[in-house]
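Please work through the exercises below with the sequence and the model open side by side. Each task is followed by a solution that proceeds step by step.

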Amino acid sequence: MPHCGSESRKPGTTSVGCDWLTSEGPIRFCLEVRQVPQSLFRKATSRLLVNYPEPYRSQILDYLFKPNFGASLHILKVEIGGDGQTTDGTEPSHMHYALDENYFRGYEWWLMKEAKRRNPNITLMGLPWSFPGWLGKHFNWPYVNLQLTAYYVMTWIVGAKHYHDLDIDYIGIWNERSFDINYIKVLRRMLNYQGLDRVKIIASDNLWEPISASMLLDSELMEVIDVIGAHYPGTHTVKDAKLTNKKLWSSEDFSTLNSDVGAGCLGRILNQNYINGYMTALLDIYILITSCFGISLLPNKPFSTIAWNLVASYYEQLPYGRCGLMTAQEPWSGHYVVESPIWVSAHTTQFTQPGWYYLKTVGHLEKGGSYVALTDGLGNLTIIVETMSHKYSTCIRPFLPYYNVSHQFATFVLKGSFSEIPELQVWYTKLGKPSTRFLFKQLDSLWLLDSGGTFTLELREDELFTLTTLTTGGKGSYPLPPKSQPFPRIYKDDFNVDYPFFSEAPNFADQTGVFEYFTNIEDPGEHHFTLRQVLNQRPITWAADASNTISIIGDYKWSNLTVTCDVYIETPEKGGVFIAGRVNKGGILIRSARGVFFWIFANGTYRVTGDLAGWIIYALGHVDVTAKKWYTLTLIIKGRLCSGMLNGTYVWTNVPVSFPKNGWAAIGTHAFEFAQFDNFRVEAAS
């Protein structure tokens, strides 16, 4: 019979490895199998990354994806752009309209290719947050026409391969929103019909229920879903999910400030998602369970964890600022910070690979903390031990009950074939006080030949050890990047780019609507190249998108500033555009944004409001404005007063404003309508 896992032993002693017992004695070892890839997830959070100059952009990507250098991620999960707000901005769809297909919009394609270039074996996943409005036929619902929505998702997968040679491995349903059982079945049939049988389906990227119960009651649904994905499960799963015998993933987790507390959160859940919930790959790791020589030693329910987000490369004052593995939010200076979660991730990802397996011998330490052990089945072994305290490992969600970690000694005994391992490499991290802080430091090796495979670790609070037979680990580094600098006080963009590498203009961050480079064939002169808002209907939303479109830019600390922009209303009579300053909210809060907004409308009126929604009116009146003509708007904000000009002539002056005191500059439209912008300029007081 197989004998695997822990033996009777003294407290604090852990037996790693497993013997296969026969009448003739033990022979080699038997493994509990759970596959180990690490994954990372992003959604509108890499907006500023694409604007970084070289070599800094490549350096950042190396820290994320290059094997044995930094985080060494094994999986990349991306948003399928759907034109809607998804936390920190909107991402453009490849199909804004029913007969429109463009597989070069946004930066997801670029990011996936850069990840693949560094790690050809990286796994790619896609998940919709929002959908273009035409799929809903005037309803905020993607399941009005199941075939049409399945076709839309299928085209994204096919386009990734056809235009970018990217193979998508997993596809989701609708992030944190309702699933439709029939849609999931239709999607599977659509994928199979297109020869995409290898693409696996994960559902429902929300809670464990009701998807798990639905699968138990519907054999066809059970067959078409490959993975059950839940968000922020707190290292635990539920009975129905286990009963499905499907892979179980924490398909979104972490979302915590990338300080040492965030790093501790990551270190704790990377281990304990597997230990407590049969989940792995927290922040970026997923693990699959199989059997040992045909005998299942643990429930055959693989669990994976995916962390949000990849890199904090968006304006910090947007929701969940700096909740990435590292921080890269200053393309204008080139400054970036390799934060501690990068190195906590490396403790797992650099010393495992997809295809490695967790041993059954995993668990909690007597005085707090946890340990896991993994192998490739070829004799290599990696052990990861964490002692993260409650104070330094509280994630943003869910609630973490108090627990205690104290000084302790843990003895590990390697058995079976592992007892013949002569040496283990040791990597160490200590979080907390700067005076005692270490990040991913290689210590002296452990020599085991004279110890019978036994060694003891002295463990204190907030430590992370990796002990491994692999000698390939490395702490990559580059020369220090440039020093941090605020956004340029004077900034201008004429959008004169004939063949843009990206569809969006640098540093503009769309919060509702989509603003893209546009070639105006009707105007071969000054406004031949412009920036255009391209949505003509509200998308199927994930968040509370505004009723107006808006793209923000600049320094949130700006108070006194002058914003100038040429504008072109395309919609007669009802169309309208604005420029703004001191915009104080974005992301999922954009609907309630305050600021100073200067609007003109095609019906010959203007308005000055203190909010995006237009409820707070400071001034209004008539101006000589119509559609299909270019105008120059200027907004001047100084202290408690603001003024506005149209084509260089004051329209309104010295309107008092008391709130907010600071914020971004912005451009936008009155509704989901076509409009163009050109020769944008902002000058902020020093």
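**Exercise 1.** In this predicted model, determine whether arginine 118 and glutamate 114 are buried or exposed, and describe how their side chains meet.

*Solution.* Begin with accessibility: arginine 118 and glutamate 114 are both buried. Next, examine the charged groups, where the two side chains form a salt bridge with an N to O distance of 2.7 Å. The positions in sequence then explain the geometry, because the partners are 4 residues apart in helix 2 (residues 108-118) and are thus separated by about one helical turn. Finally, widen the view to the neighbours, since Asp62, Glu114, Arg117 and Arg118 are linked in a network of salt bridges.

**Exercise 2.** Set two further salt bridges beside that pair, and state for each partner how exposed the residue is.

*Solution.* A search of the whole structure yields 19 salt bridges, and two of them serve here. In one, the side chains of lysine 161 and aspartate 165 meet at 2.9 Å, N to O; aspartate 165 is exposed, with a relative accessible area of 55%, whereas lysine 161 is partly exposed at 36%. In the other, arginine 189 pairs with glutamate 220, their closest N and O atoms lying 3.4 Å apart. This pair links distant parts of the chain, with arginine 189 in helix 4 and glutamate 220 in helix 6 (residues 219-224), 31 residues apart. Both partners count as partly exposed, arginine 189 at 47% relative accessibility and glutamate 220 at 35%.

**Exercise 3.** Locate the residues that UniProt lists under "active site", and explain why they gather at one spot.

*Solution.* The UniProt record, an unreviewed entry, lists Glu176 and Glu252. They span 77 residues in sequence, yet no two of their C-alpha atoms are more than 9.9 Å apart, and so they gather at one spot. Glutamate 176 lies in the loop between strand 9 (170-171) and helix 4 (181-193), while glutamate 252 belongs to strand 12 (residues 247-254). Beyond its neighbours within four places in sequence, glutamate 176 is in contact with several residues, including His231, Tyr232, Glu252 and Trp542. Glutamate 252, in turn, is buried at 3% relative accessibility, and its side chain makes a polar contact of 2.7 Å with that of tyrosine 232.

**Exercise 4.** Find the disulfide and state which parts of the chain are tied together by cysteine 265 and cysteine 395.

*Solution.* The count comes to 1 disulfide, formed by cysteine 265 and cysteine 395 with their sulfur atoms 2.0 Å apart. The link is right-handed, with 100° about the S-S bond. Cysteine 265 lies in helix 8 (residues 260-277) and cysteine 395 in the loop between strand 21 (381-386) and strand 22 (408-414), so the pair ties together parts that are 130 residues apart in sequence. Both ends are buried, cysteine 265 at 0% relative accessibility and cysteine 395 at 8%.

**Exercise 5.** Identify which residues of the largest nonpolar core touch the most other members, and follow one of them outward.

*Solution.* This core has 99 residues, of which Phe65, Leu76, Ile171, Ile173 and Ile184 touch the most other members. Its largest share, 8 residues, comes from helix 3 (residues 146-164). Apart from this core lies another, of 67 residues, among them Ile552, Ile600, Ala602 and Val623. Returning to phenylalanine 65, and not counting residues up to four places away in sequence, one finds that this side of the picture includes contacts to Leu76, Leu111, Arg118 and Leu310.

Notes:
Residues are numbered from 1 along each chain as its sequence is written. This is a predicted model: local features need pLDDT of at least 70, side-chain atom pairs count only at pLDDT 80 or more; totals for chains, interfaces and linings use all residues. Side-chain values use heavy atoms; hydrogens and water are left out. UniProt positions are given in the numbering used here, feature names are shortened, and annotations may be inferred rather than shown by experiment. Helices (H or I, at least four residues) and strands (E, at least two) are DSSP runs, numbered from the N terminus. Contact means heavy atoms within 4.5 Å. Buried means under 20% relative accessible area, exposed over 50%, partly exposed in between (1.4 Å probe, protein chains only). A polar contact is a pair of N or O atoms within 3.5 Å; within protein, one must be able to donate a hydrogen and the other to accept it, and residues adjacent in sequence count only if both atoms are side-chain atoms. A nonpolar core is a set of buried Ala, Val, Leu, Ile, Met, Phe, Trp, Tyr and Cys residues joined through side-chain atoms within 4.5 Å. A disulfide is a pair of cysteine sulfur atoms within 2.5 Å. A salt bridge is a side-chain nitrogen of Lys or Arg within 4 Å of a carboxyl oxygen of Asp or Glu.
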